[in-house]
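Please take a moment with the sequence and the model before reading on, and keep both at hand while you follow the text.

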Number of protein chains: 2
Amino acid sequence: MKRDEAEISSSAVTENSGTGTLGKALAVLETVVTSDKPLRFSDILAVSGQPRGTLHRQLAHLVEEGLLTQGRDLCYEPGLRLLKFAYRSWSRNQFRAVAAPHLRRLHEETGETVHLGVLRGTEIIYVDKVESRQTVRMESQIGNASPVYCTGLGKAALSVLPPDRLAETLGKLTFHRFTANTHLSTASLKRDLDEARLRGYAFDREEHETEIRCVAAPIHDAGFGLVAGISVTGPAYRVTMEQLEIWAHAVRQAAMAISEDVEIRMGPGR
Amino acid sequence: MKRDEAEISSSAVTENSGTGTLGKALAVLETVVTSDKPLRFSDILAVSGQPRGTLHRQLAHLVEEGLLTQGRDLCYEPGLRLLKFAYRSWSRNQFRAVAAPHLRRLHEETGETVHLGVLRGTEIIYVDKVESRQTVRMESQIGNASPVYCTGLGKAALSVLPPDRLAETLGKLTFHRFTANTHLSTASLKRDLDEARLRGYAFDREEHETEIRCVAAPIHDAGFGLVAGISVTGPAYRVTMEQLEIWAHAVRQAAMAISEDVEIRMGPGR
DNA sequence: ATCGTCGTTCCATTATGTGGAACTACCTCT
DNA sequence: AGAGGTAGTTCCACATAATGGAACGACGAT
């Protein structure tokens with residue numbers, strides 16, 4: 001049995017101890033892929049904290065496997081194979097398929113953008129989206145990851161986490177000020193979560209982006225023991241806090257409907 | 001030195017020997033992700049050819065890393081982390097960004113669906129797409145992979161491959177009859193490629209899907225030493241072979257324009 | 001010409017993954 | 001119920017494959 005592994009929440013780098021080689025390779029891959037600009041060998045070296053030789057071989061392997069590409073300028077970039085994996089993982093996502101009609105309905109009711117996101121570690125990963133203006137290409141949000149502490153979806157998801165998992169997650173957070181309203185401490189975040197838990201839904205009061213507000217409701221067991229959420233998002237000039245309060249009910253309804261459908265379609269229990 | 005390994009182009013070139021652990025893990029991941037239905041442990045065991053213990057640990061690692069998920073029915077499915085990787089790899093794809101305006105222009109000229117694809121092994125991976133009806137969500141084609149031998153893009157890409165790489169690729173092919181027109185031997189495929197090479201563009205004469213035709217032109221060095229292609233695709237009732245011939249010029253133009261832009265924007269020469 | 005930086009290669013050491021076999025849980029058949 | 005299967009999981013001696021320090025080669029700046 002994994003003994004104290006679950007215990008360690010705050011300190012330690014974690015992440016790589018359990019999965020050995022694979023974990024380290026993926027850590028490297030992730031730094032390259034999630035970086036905003038192309039990285040050179042040394043850039044990665046500085047972050048990874050691994051010896052030169054080791055890192056070099058890891059990168060070589062990643063390139064050989066098609067997960068990374070190396071251009072003529074020696075910069076590493078995400079490779080094509082990732083795309084292939086991605087397409088499959090999205091199109092075959094059961095949860096998304098089950099939730100889709102509810103997203104659409106919620107969009108029709110509100111007229112604003114609807115998001116479906118899943119909690120993963122300290123991030124919310126956007127799994128689906130319905131938008132008024134159908135510019136919904138992959139470049140939208142799908143697959144994108146945002147911090148939990150400054151998004152409606154993130155806070156909704158956190159609000160239904162069992163205390164131990166919540167504590168663990170909170171411990172791993174590092175705050176970054178996106179706007180004037182962004183939570184910057186676990187203390188203030190916790191208060192917000194308590195409110196959200198009572199209400200059954202969470203707000204984003206321009207905490208991630210100015211002029212963007214959102215109301216989100218948690219989806220408890222989204223199959224596979226995942227915690228997810230659904231949200232309605234809109235520009236502040238059009239979407240007041242009062243408006244969000246009004247929509248909150250519908251959002252909660254949708255979230256519960258999805259939970260039920262998941263229960264039915266993906267088998268009970270667990 | 002590995003003597004005859006390099007010689008044998010047709011069978012088993014690398015794939016798993018070079019990248020050690022990582023390669024094996026990815027092979028497992030790929031079988032799960034590219035499968036059309038959820039796989040159980042034994043299903044994977046049968047395909048992977050690895051001993052039970054080994055495979056079990058590999059899967060455990062993949063799950064722990066979030067690349068796979070295991071449902072209550074013990075079926076393995078693509079995990080969320082893949083989505084995250086995917087989003088980044090697509091949105092940061094230089095080549096796609098450079099080509100995008102040309103795709104759009106070609107679409108305006110023809111009114112039909114335009115695809116951008118990159119050659120990877122024996123597959124074409126769709127990197128971008130412009131469609132009339134803007135239902136272009138990720139579920140479209142992006143990230144999807146199709147065999148080279150039955151797609152316009154595939155044949156266009158093959159037609160500009162240097163002889164050795166072409167031979168290598170052809171050797172790795174296994175044919176599958178998609179329609180009555182699908183190439184089923186390297187011989188007939190080669191003849192087709194020879195014609196395509198002379199013309200500068202390739203056709204798909206309902207070889208992958210009945211009632212779907214396409215004309216495609218190769219893009220030689222799409223940065224990173226990649227070989228790619230651009231194509232116009234449409235339903236047979238609307239798009240005759242004569243029509244394709246007419247569009248062929250525009251498609252070639254677009255392909256060459258992209259090549260040039262890549263040259264400029266991504267630095268010269270390799 | 002000299003130093004410093006950056007990417008790449010090498011190789012003895014050892015941590016890590018390997019895989020055969022044993023174990024458990026859960027079905028199905030009689 | 002009991003016997004026989006099948007499918008998933010765990011264990012551990014062994015060997016492979018990753019490690020990382022150090023040396024090398026290639027540029028570019030001083």
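The paragraphs below go from the DNA strands to the sheets of the two chains.

This is a predicted model, in which local features need pLDDT of at least 70 and side-chain atom pairs count only at pLDDT 80 or more, while totals for chains, interfaces and linings use all residues. Residues are numbered from 1 along each chain as its sequence is written, chains are lettered from A and ligands numbered from 1 in the order in which they are written, and side-chain values use heavy atoms, with hydrogens and water left out.

We begin with DNA strand C. Around this strand there are 19 residues, of which A:Thr21, A:Ser42, A:Arg52, B:Thr54 and B:Arg57 come nearest; a residue is near a molecule or strand if one of its heavy atoms lies within 4 Å of it. Of the atoms of DNA strand C that come within 4 Å of the protein, 67% belong to sugar and phosphate. Bases are also reached, for a polar side-chain atom of A:Arg52 lies 2.8 Å from a base nitrogen of DNA strand C, and an N or O atom in the side chain of B:Thr54 is 3.3 Å from a base nitrogen of that strand. These pairs are listed as polar contacts, meaning a pair of N or O atoms within 3.5 Å (within protein, one must be able to donate a hydrogen and the other to accept it, and residues adjacent in sequence count only if both atoms are side-chain atoms). On the backbone side of DNA strand C, a phosphate oxygen is 3.0 Å from an N or O atom in the side chain of A:His56.

The elements that give two or more residues to this surface are helix H1 (20–34), helix H2 (41–48) and helix H3 (52–64) of chain A, together with helix H2 (20–34) and helix H4 (52–64) of chain B. Helices and strands are here DSSP runs numbered from the N terminus (H or I with at least four residues for helices, E with at least two for strands). With four residues, H4(B) gives the most to the surface near DNA strand C. By class, that surface has four nonpolar, ten polar and five charged residues, where Ala, Val, Leu, Ile, Met, Phe, Trp, Tyr, Cys and Pro count as nonpolar, Asp, Glu, Lys and Arg as charged, and the others, Gly among them, as polar.

DNA strand D is surrounded by 19 residues, and the closest are A:Arg57, B:Thr21, B:Ser42, B:Arg52 and B:His56. Sugar and phosphate make up 69% of the atoms of DNA strand D that come within 4 Å of the protein. Two of the phosphate contacts involve A:Arg57, with a side-chain N or O atom 2.7 Å from a phosphate oxygen, and B:Thr21, with a backbone N or O atom 2.9 Å from a phosphate oxygen. A base nitrogen of DNA strand D, in turn, is 2.8 Å from an N or O atom in the side chain of B:Arg52. H3(A) gives the most to the surface near DNA strand D, with five residues, and the residues of this surface divide into three nonpolar, eleven polar and five charged.

We turn now to the sheet of chain A. Its six strands form an open sheet in the order E5-E4-E3-E8-E7-E6, with antiparallel pairing; two strands pair if DSSP finds at least two bridges between them. The edge strands are E5 and E6 of chain A, each of which pairs on one side only. Strand E3 (residues 113–120) of chain A is joined to E4(A) by seven bridges, and A:Leu116 stands opposite A:Asp128 in E4(A). Strand E6 (residues 202–205) and strand E7 (residues 212–219) of chain A pair over four bridges, with A:Ala216 as the bridge partner of A:Ala202. In the hairpin of these strands, which has six residues between them, A:Glu206 takes a positive phi near 55°.

Chain B also meets this sheet. Helix H5 (residues 80–91) of chain B lies across E3, E4 and E5 of chain A, running at about 75° to E4(A); axes are lines fitted to C-alpha atoms, for helices over the stretch in contact, and angles run from 0 to 180 degrees between N-to-C directions. A:Asn144 sits in the loop between strand E4 (123–130) and strand E5 (145–147) of chain A. Not counting residues up to four places away in sequence, A:Asn144 touches A:Ile124, A:Ile125, A:Tyr126, B:Tyr87 and B:Arg88, contact meaning heavy atoms within 4.5 Å. At 14% relative accessibility, A:Asn144 counts as buried, a term that means under 20% relative accessible area, with exposed over 50% and partly exposed in between (1.4 Å probe, protein chains only).

In chain B, six strands form an open antiparallel sheet in the order E5-E4-E3-E8-E7-E6. Helix H7 (residues 152–159) of chain B lies across E3, E4, E6, E7 and E8 of chain B, at about 30° to E7(B).
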